[in-house]
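I opened my notebook to this structure today and jotted down what I looked up. Here it is, in case it helps at your bench.

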Amino acid sequence: MLDPEQWLPLLVVVFTIISIVLLSLPSTFRSDVRFKKDGNPIRPRVQILVLGDIGRSPRIQYHALSIAKHGALVDLIGYTSSELHPRIRSESRIIVHGLAPAPDCLRTSNKWLFLLFAPLKAVFQTLSVYYTLGYRTPPAQWLLVQNPPTIPTLPVAQTICFIRNTRLIIDWHNFGYSILALKLGSTHPLVRLSWLLERAFSTKATAHLTVSNAMARVLQGKWGLKDLVLPLHDRPFPEFQPLDESQRNEFLGRCPDTGPFMHKFSTGDMNLLVSSTSWTPDEDFSLLLEALLSYSKLATSAQPRLPEILAIITGKGPQKESFVSRIGALTEAGKLKRVHLRTAWLSVEDYAKLLGSADLGVSLHTSSSGVDLPMKVVDMLGCGLPVVGWDRFEAWPELVREGINGRGFHSSDSLCTALASLFGSDKQHLRRLRQGALLDGQRRWDDEWNSVAGKLLGLCA
């Protein structure tokens, strides 16, 4: 048995280690302190975290702008590889904290290497996010986190909220496990583990925001979440507005992809089709390509009066290059005689004007979970642009009403049929859909956000 002289040094070492750990923990938010030393009130502060590119996360940027608009301070945390919304940079109440990207050696599209590198990448991201949330930013009253990705976002967020006395809001854009299933298959053990972790680490949040009513029902029903679950539908931001004829002609004339076709637009011999994508597996662009091939055959045989189509596809992502190569090969082979395909990456302002100038929008979002909704369709409706989209998932009718503001399709043949019907000689149906889109686009982001998130955060009455 150790005598006091032997175990006392060990106790000193243990006590020293514990003291260092406790003293090095992040500072906590004090809800009882409401005024600064100079007597001025302390502004509410909100941390917003997205483990992704902030510039390609419009909903997260809209959250930040809405919070700042109501006088609160915002620490916006994420990757900064793409251009941010112009108002983010000019808003003094928003501070952007860029996360260090994972080393290139940990990135791979190979399924088996992914299983090896994913844990190492998660460790790197865990340290980066923990350090940023805990030490680079002051303590906040609220932490709003985008999910997915779930790992390591939600475990780190839960830890930080516990240490710093911060309340957690999870903003559900989709389910992380369902996206992982696209890569590994729905029966893979890691997908099952991902679902268990996602469910476990979401139970302690103060509140949940969802992009659809269907998603809220899943969280409350199948997941059994007892916390506050509030649907907050995406709505268009002020940039996305309908254009009048002069504004449309001005944009089409100066845009490099549309300028050469101005005469055909003015005579009605060509229609402008627009789609936006992040070029990920949950959007099958071969559907659009096959539909356009069928349309080209139709327009050069049975229905020669069909107008030409200029299809512009915007966005960046991993599958873009293979799609561009396929377009080039088909065009060179003369299989797209009545169709012209272009890809583009535009600023927010020009993207909004492109939507406002188009005749029809296309959504190929298939929804890995069945309950998320594509924000691109929201932007299209905000510009008064009718939409045709993949409709074989539960949440779709929350956004597009069949025959009122758009149409659904379930195959390349049904998409081709919709295009031929809407662009045919009688365009009354297309005009009716545009009227429906204009009506639906009248409810804006501020209207939705103030009544849901604004009240939750105590920023709106």
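My entries below go from the whole chain to one helix and then to one helix pair.

**Whole chain**

I am working with a predicted model. I looked up the secondary structure first and found 17 helices and 13 strands in the protein chain. Next I checked burial: of the 461 residues, 51% count as buried. For the surface, I noted about 21,700 Å² exposed by the protein chain, with carbon and sulfur atoms supplying 57% of it. I also looked at contacts between residues at least 6 apart in sequence, and 72% of these join residues at least 24 apart.

**Helix H8**

Which residues of helix H8 are buried? In this helix, which runs over residues 213–220, I listed Ala-214, Met-215, Ala-216, Val-218 and Leu-219. Then I asked what covers them, and my list includes three strands: S5 (167–172), S6 (207–210) and S7 (228–231).

**Helices H2 and H17**

I then turned to H2 (residues 58–69) and H17 (residues 445–456), whose axes lie 11 Å apart. The two helices pack at an angle of about 70 degrees, so H2 and H17 are roughly perpendicular to each other. I noted the handedness too: H2 passes H17 in a right-handed crossing. From H2, the contact draws on Arg-59, Tyr-62, His-63, Ser-66, Ile-67 and Lys-69. H17 brings Trp-445, Asp-446 and Trp-449 to this contact. Sorting the residues by class, I got 4 nonpolar, 2 polar and 3 charged for the contact of H2 with H17.

Notes:
Residues numbered from 1 in each chain as written. Predicted model: local features only at pLDDT ≥ 70, side-chain atom pairs only at ≥ 80, totals over all residues. Heavy atoms only, no water. Axes fitted to C-alpha atoms, helices over the stretch in contact; angles between N-to-C directions. Helix = DSSP H or I, 4+ residues; strand = E, 2+ residues; numbered from the N terminus. Parallel < 35°, antiparallel > 145°, perpendicular 65-115°, else oblique. Left-handed = near helix turned anticlockwise from the far one by under 90°. Contact = heavy atoms within 4.5 Å. Nonpolar A, V, L, I, M, F, W, Y, C, P; charged D, E, K, R; others polar. Buried < 20%, exposed > 50% of the residue type's maximum accessible area, 1.4 Å probe, protein only. Areas by Shrake-Rupley, 256 points an atom, 1.4 Å probe, with all protein chains shown as cover.
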